[in-house]
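Good morning, colleagues. Please look at the sequence and the model on the screen before I begin.

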Amino acid sequence: MAQKPPWTLTLPSDLRLLPLARAFVGAVCQVAGFDEKATDAIVLATDEATNNVIRHAHHGQPDAPLQIQCFFRPDGIEILLIDQGAPFDLAAVPHLDPSEERIGGRGVFLMRALMDELSCQPRGERGNMLRMVKRCARTAAEPCGS
């Protein structure tokens, strides 16, 4: 059986569009039937990832498109963020101590904490594909674990 096409949103790299990205992912989670806790985690992780792409990969250049793809899985959801930035090594981002006092720099920490899988692959000389997976049930009767 062929995999269904992903739910997809393509938007320019503009921080003012973060609410649109959050609303899109929240609506996808609602359609999937995820509970509020799982939905909040997925939306927050995607918001952090989208923010990072706009600020760091695209350096606030609105002409650089960002694509969010959401795939339903039997055990949850897979989200891909496809950017046009320079290759990024996710493994080079240190695992932070949550008690450390600092301003900023917690996006990857939150994505790692909220999602079950997090990886990033370069797409040639320009662009990356960030992959996040959250395993959770599709009914409120079977809430998703953290």
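**Sheet, helices and their contacts**

A hairpin joins β2 to β3 through 2 residues. I start from that hairpin, and I should say at once that this is a predicted model.

Let me place the hairpin in its sheet. In general, the strands of a sheet pair through backbone hydrogen bonds, either parallel or antiparallel. Here 5 strands form an open sheet, the order is β1-β2-β3-β5-β4, and the pairing is antiparallel. Which strands are at the edges? They are β1, residues 7-12, and β4, residues 117-122, each of which pairs on one side only. On average, with direction ignored, neighbouring strands of this sheet are turned by 15° against each other.

I turn now to individual pairings. Between β2 and β3 there are 7 bridges in the antiparallel sense. Within that pairing, F71 has E78 in β3 as its bridge partner. On the other side, β1 and strand β2, which covers residues 65-73, are paired in the antiparallel sense over 6 bridges. Two positions may help you to follow this pairing on the screen: W7 has C70 in β2 as its bridge partner, and P12 stands opposite P65 in β2.

W7 deserves a second look. How many aromatic pairs are counted? The count comes to 1 aromatic pair. W7 and F72 form this pair, which is tilted, with 6.0 Å from centre to centre and 55° between the planes. The pair links distant parts of the chain, since W7 is in strand β1 and F72 is in strand β2, 65 residues apart.

Next, the helices. Two packed helices are described by the angle between their axes and the distance between the axes. Helix α2, residues 36-57, has an axis that comes within 9 Å of the axis of helix α3, residues 107-114, and the two cross at roughly 150°. That angle is over 145 degrees, which makes α2 roughly antiparallel to α3. The crossing of α2 past α3 is left-handed. On the α2 side the contact is made by A41, L44, A45, E48, A49 and N52, and on the α3 side by G107, V108, L110, M111 and L114. The residues of this contact of α2 with α3 divide into 8 nonpolar, 2 polar and 1 charged.

Helix α2 also meets helix α1, residues 18-32; their axes come within 9 Å and cross at roughly 145°. Is this crossing left-handed or right-handed? The helix α1 passes α2 in a right-handed crossing. From α1, the residues L18, A21, R22, V25, G26 and C29 take part, and they meet T39, I42, V43, T46, D47, T50, N51 and I54 in α2. The contact of α1 with α2 divides into 7 nonpolar, 5 polar and 2 charged residues.

Finally, I return to the sheet. Helix α2 lies across β2, β3 (76-83) and β5 (128-135), and runs at about 10° to β3. Thus α2 has been described in relation to α3, to α1 and to the sheet strands β2, β3 and β5. Thank you for your attention.

Key:
Residues numbered from 1 in each chain as written. Predicted model: local features only at pLDDT ≥ 70, side-chain atom pairs only at ≥ 80, totals over all residues. Heavy atoms only, no water. Axes fitted to C-alpha atoms, helices over the stretch in contact; angles between N-to-C directions. Helix = DSSP H or I, 4+ residues; strand = E, 2+ residues; numbered from the N terminus. Parallel < 35°, antiparallel > 145°, perpendicular 65-115°, else oblique. Left-handed = near helix turned anticlockwise from the far one by under 90°. Contact = heavy atoms within 4.5 Å. Nonpolar A, V, L, I, M, F, W, Y, C, P; charged D, E, K, R; others polar. Pairing = 2+ DSSP bridges. Phe/Tyr/Trp six-rings, centres within 6.5 Å; stacked < 30°, edge-to-face > 60°.
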